[in-house]
Amino acid sequence: MLARCGADYLRPIQSSPRSMRARGTIKAMNPAGRKTVPNAIANLAAKVREAAERIRPIVVETPVENMDGLAADSGTEVFFKLENLQKTGSFKLRGASNKILFLSPEQAARGVIAASNGNHGLGVAAAARTAGIAAEVYVSNHVSPSKARRIEEYGAHIKRVGNDPLEAELAARAAASEQGKVFISPYNDVEVMAGQGTIAVELLRQILHLDALFVAVGGGGLIGGIGAYTKSTSPKTEVVGCWPENSPVLYESIKTGRILDVHEEPTLSESTAGGLEPGSVTLEVCSQIIDSSVLVSEAEILDAMRRVRALKGWIIEGAAAVAVAAFLKNAERYRGKRVAVVICGANVSEKVLSALG
């Protein structure tokens, strides 16, 4: 059983007659500044350090950008960590590469299977092509045509299953078991989490004395890896989990201490949408490393995308805008502080581009 945690620590950032969920902060098991780090988190942090060395020849060390003007009135020093400039346009290449480099020659010869409606599939396809192995990517029937096409362009085979990313994920795991192939999860894998966490290795070297770090959350692999390394290296840095109100699956699961089947609505944050695989390792990790959580509306996500475009001319994906919107929603709280926002990708679907206008 995964540890129950977080359910009794729901506190509002600000009072509101609207949903408490939309305004809440979770105080997790490992608050910012705690001097001791749980062994499991310390062990994951060590894996992140190893992963950083392992994947260095494959991935780009992405830059940070000072975002003067994003929230000028807040008096906050804000930086973006630009994973939108990563190969494949997303951080997902990091975790996929780290996992594939762990394969034995026999496993590599059989090829790999993954499940993803876009960015993870792109990462696995690109990493597999670099390694010279076969890859099959399961997607739901709602996958963006442009993302599916790009996955195939990297040489992976696409298989469509169900109407929800979780359905595709469970089908992919079953196929991998039947065929004797390694399944590369988007989040439910320690080596994948460690690969994603290499963002923090770079970031904490690029920016000293970071007060807070905003990260979008879907399955929890990104914030799990980043948070584990951050808590081990810079424990006073506040790790802020950022969710769309329309898809708060891991948020609600942390509150109850178990993985829930949470009702979702369509969201511009396509990369974070979908349910959690039963038994996901990310629940326990995220319960220990997330210090506070913010949920944002679709209007706030869209506004964040438009603000970034107006300020820098960049088009960022909805998941990246979730983290930006979460900061903007609480900018006054960080007055006089130095914060970073992970811009996790720039692979925007036709539907989201249309909404962006």
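Below, a biologist asks and a modeller answers about a predicted model of one protein chain.

Biologist: What is the mean pLDDT of the protein, and which stretches stay below 50?

Modeller: Of the residues, 90% reach a pLDDT of 70 or more. Residues 26–30 stay under 50, with 26 contacts beyond four places in sequence, and residues 1–24 are also below 50, with 58 contacts beyond near neighbours in sequence. Where pLDDT is low, the predicted coordinates should not be read in detail. The low stretches are thus residues 1–24 and 26–30, and the mean for the protein is 89.

Biologist: Which strands stand at the edges of the open sheet of four strands?

Modeller: The strand order is 7-6-5-8, and the pairing is parallel. An edge strand has a single partner, so one of its sides is left without a neighbour in the sheet. That description applies to strand 7 (157–160) and strand 8 (182–184).

Biologist: By how many degrees are neighbouring strands of this sheet turned against each other on average?

Modeller: The sheet in question is the open one with order 7-6-5-8. With direction ignored, the average turn between its neighbouring strands is 25 degrees.

Biologist: Which residue of strand 8 does Val112 stand opposite?

Modeller: Strand 5 covers residues 112–115 and pairs with strand 8 in the parallel sense, over three bridges. Opposite Val112, in strand 8, stands Val182.

Biologist: At what angles to strand 5 do helix 5 and helix 7 run?

Modeller: Helix 5 (residues 119–131) lies across strand 5, strand 6 (135–139) and strand 8. Helix 7 (residues 165–179) also lies across strand 5, strand 6 and strand 8. The angle to strand 5 is about 160 degrees for helix 5, and for helix 7 it is about 165 degrees.

Biologist: How far from Lys92 is the nearest side chain of opposite charge?

Modeller: Lys92 is found in helix 3 (residues 92–100). Beyond four places in sequence, its contacts are Asn119, His120, Gly123, Pro186 and Gln196. Lys92 is buried and has no salt bridge. The nearest side chain of opposite charge belongs to Glu317, at 8.8 Å.

Biologist: Is Leu44 buried or exposed?

Modeller: Leu44 sits in helix 2 (residues 39–55). Outside its neighbours within four places in sequence, Leu44 has contacts that include Val190, Met193, Ala194 and Val285. The relative accessible area of Leu44 is 5%, and the cut-off for buried is under 20%. Leu44 is therefore buried.

Biologist: Thr88 and His209 have positive phi although neither is a glycine; which is buried and which is exposed?

Modeller: Thr88, with a phi of about 75 degrees, is in the loop between strand 4 (77–82) and helix 3. His209, with a phi of about 55 degrees, is in the loop between helix 9 (198–206) and strand 9 (212–216). At a relative accessible area of 5%, Thr88 is buried. At 69% relative accessibility, the exposed one is His209.

Biologist: How many residues apart in sequence are the parts that Glu202 and Lys81 tie together?

Modeller: Glu202 and Lys81 form a salt bridge, with the closest N and O atoms 2.7 Å apart. Glu202 lies in helix 9 and Lys81 in strand 4, so the parts they tie together are separated in sequence by 121 residues.

Biologist: Are the partners in the salt bridge between Lys99 and Asp189 buried or exposed?

Modeller: The N to O distance in this bridge is 2.9 Å. Lys99 lies in helix 3 and Asp189 in the loop between strand 8 and helix 8 (190–196), so parts 90 residues apart in sequence are tied together. Lys99 has a relative accessible area of 16% and is buried. At 11% relative accessibility, Asp189 also counts as buried.

Biologist: Where do Glu300 and Lys329 lie, and which residues are joined into one network by salt bridges that share partners?

Modeller: The side chains of Glu300 and Lys329 meet in a salt bridge of 3.5 Å, N to O. Glu300 lies in helix 13 (residues 298–312) and Lys329 in helix 14 (residues 318–329). The network of salt bridges with shared partners joins Lys81, Glu83, Arg94 and Glu202.

Definitions and conventions:
Residues numbered from 1 in each chain as written. Predicted model: local features only at pLDDT ≥ 70, side-chain atom pairs only at ≥ 80, totals over all residues. Heavy atoms only, no water. pLDDT = per-residue confidence, 0-100. Contact = heavy atoms within 4.5 Å. Pairing = 2+ DSSP bridges. Helix = DSSP H or I, 4+ residues; strand = E, 2+ residues; numbered from the N terminus. Axes fitted to C-alpha atoms, helices over the stretch in contact; angles between N-to-C directions. Buried < 20%, exposed > 50% of the residue type's maximum accessible area, 1.4 Å probe, protein only. Lys, Arg positive; Asp, Glu negative; His and termini not counted. Salt bridge = Lys/Arg side-chain N within 4 Å of Asp/Glu carboxyl O.
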